[in-house]
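Thank you all for coming; I would like to spend a few minutes walking through one structure with you. Please have the sequence and the model in view while I talk.

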Amino acid sequence: MISLNAIRHFHIHPMFWFLIGVGLLTGSLIQLLIIFSIVLFHELGHYGMAHYFKWRIRSVMIWPFGGVLETDEYHTRPIKEEVLVILAGPFQHLWIWLFILFAESTQLLSTGVIELLSLYNVLIFCFNILPIWPLDGGKLLFLFLSVYLPFVKAQAMFLTLSIISLFVAFSAALMYFPFSMSTILLACFLLWENRIEWKQKRYAFLRYLMKRQQDSQEHVNKIRTIHIGEDMPIMDVFRQFKRGTHHQICVTLHNQKRALIDEGECLYYFFTLKQTRAKAKEMVEWFAT
């Protein structure tokens, strides 16, 4: 059960308070409060599931159009756990729909409020399952790709598909719905988030490797051997790492001899000894001494 101390994790972005002020001036306060309630309930789903799995949660930021759950678990938890944490948000919309049916049958709320609740519940649900970063659909897309591809390739393909999906969704919105400044702002926000994520790809990959070094091997599903030559840089070895897999690196030397290095040793050599530019041969020689 979530304690009252969990409230400290929740933060409301200043932009939301600005929109509340605009809502008071324009008479759209009820719509904003409904959106806020749905977004908050959605994020409580993510938070509750992450809390259940004992994730290290940093914060939950509530934006005007959604929320972001930030944790210290960076792609090192079991994939099933991550899927459940992601799906817990969209699943909340089912409870909202059941509440709408109850409120409609008991006349708990006015017809206008029920219509707004129904509209925004569907819109926010559909919006969040789009395959766009940092939406839930985008996170699921990355998880799906990371099951079959090395982390780096999954990362690049996922961001490419995310940006393409953003332009397709934005173009469809302009074609089939009336022009809206909020749609423009939302598209710009998502494009900015994707741009930042693209620029920070290397940092995100290094963070993943660091968490992989610190994490135990209890989440490993299989062992895979990577065959490389002695001149391959260590970073290129890491680019072949896959999630849920423990790697053994088999280095073929120029004299045709082979050396087997464990993934943990490779990460130790890179991060602890700070041999970031070393090649496989140098690593083999160091461990042989």
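Before I point at any side chain, let me fix one word: when I say buried, I mean a residue with under 20% relative accessible area. Please also keep in mind throughout that this is a predicted model.

With that cut-off in hand, let me begin with the aromatic residues. Phe 151 has a relative accessibility of 1%, and therefore counts as buried, since buried means under 20%. Phe 142, at 5% relative accessibility, counts as buried as well. How are the rings of Phe 142 and Phe 151 placed with respect to each other? They form an edge-to-face pair, with 5.5 Å from centre to centre and 85° between the planes. For Phe 205 and Tyr 208, the ring centres are 6.4 Å apart and the planes meet at 25°, so this pair is stacked. Both Phe 205 and Tyr 208 belong to helix α8, which covers residues 201-214, and they are three residues apart, about one turn of the helix. Phe 205 and Tyr 208 are both buried. These four residues, together with Trp 133 and Phe 158, make up one aromatic cluster. In the whole model, the count of aromatic pairs comes to 15.

One further ring deserves a look, that of Trp 198. Lys 201 lies over the face of Trp 198, at 3.9 Å from the ring centre.

Let me turn now to helix α2, residues 29-52. Its 24 residues should span 34 Å at 1.5 Å a residue, and because the C-alpha atoms at its ends are 34 Å apart, the model agrees with that expectation. Which residues of α2 are buried? Among them are Leu 32, Ile 35, Val 39, His 42, Glu 43, His 46 and Tyr 47. Just after α2, Lys 54 takes a positive phi of about 60°.

The last region is the sheet, an open one of three strands in the order β4-β5-β6, with mixed pairing. The strands at its edges are β4 and β6, each of which pairs on one side only. On average, neighbouring strands of this sheet are turned by 25° against each other, if direction is ignored. Helix α10, residues 263-272, packs on the sheet, where it touches β5 and β6, and its direction makes about 80° with that of β6.

Within the sheet, strand β5, residues 245-252, is mostly covered, as seven of its eight residues are buried. With strand β4, residues 222-229, β5 pairs in the parallel sense over eight bridges, and there Ile 228 stands opposite Val 251 of β5. With strand β6, residues 258-262, β5 pairs in the antiparallel sense over five bridges, and here Cys 250 stands opposite Leu 260 of β6. β5 and β6 form a hairpin with five residues between them, and in that turn Gln 256 has a positive phi of about 70°.

Key:
Residues are numbered from 1 along each chain as its sequence is written. Side-chain values use heavy atoms; hydrogens and water are left out. Buried means under 20% relative accessible area, exposed over 50%, partly exposed in between (1.4 Å probe, protein chains only). Helices (H or I, at least four residues) and strands (E, at least two) are DSSP runs, numbered from the N terminus. Two strands pair if DSSP finds at least two bridges between them. Rings of Phe, Tyr and Trp (its six-membered ring) pair if their centres lie within 6.5 Å; planes under 30 degrees apart count as stacked, over 60 as edge-to-face and the rest as tilted. A charge sits over a ring if NZ of Lys or CZ of Arg is within 6 Å of the ring centre and within 35 degrees of the ring normal. The expected span of a helix is 1.5 Å times one less than its number of residues. Axes are lines fitted to C-alpha atoms, for helices over the stretch in contact, and angles run from 0 to 180 degrees between N-to-C directions. Contact means heavy atoms within 4.5 Å.
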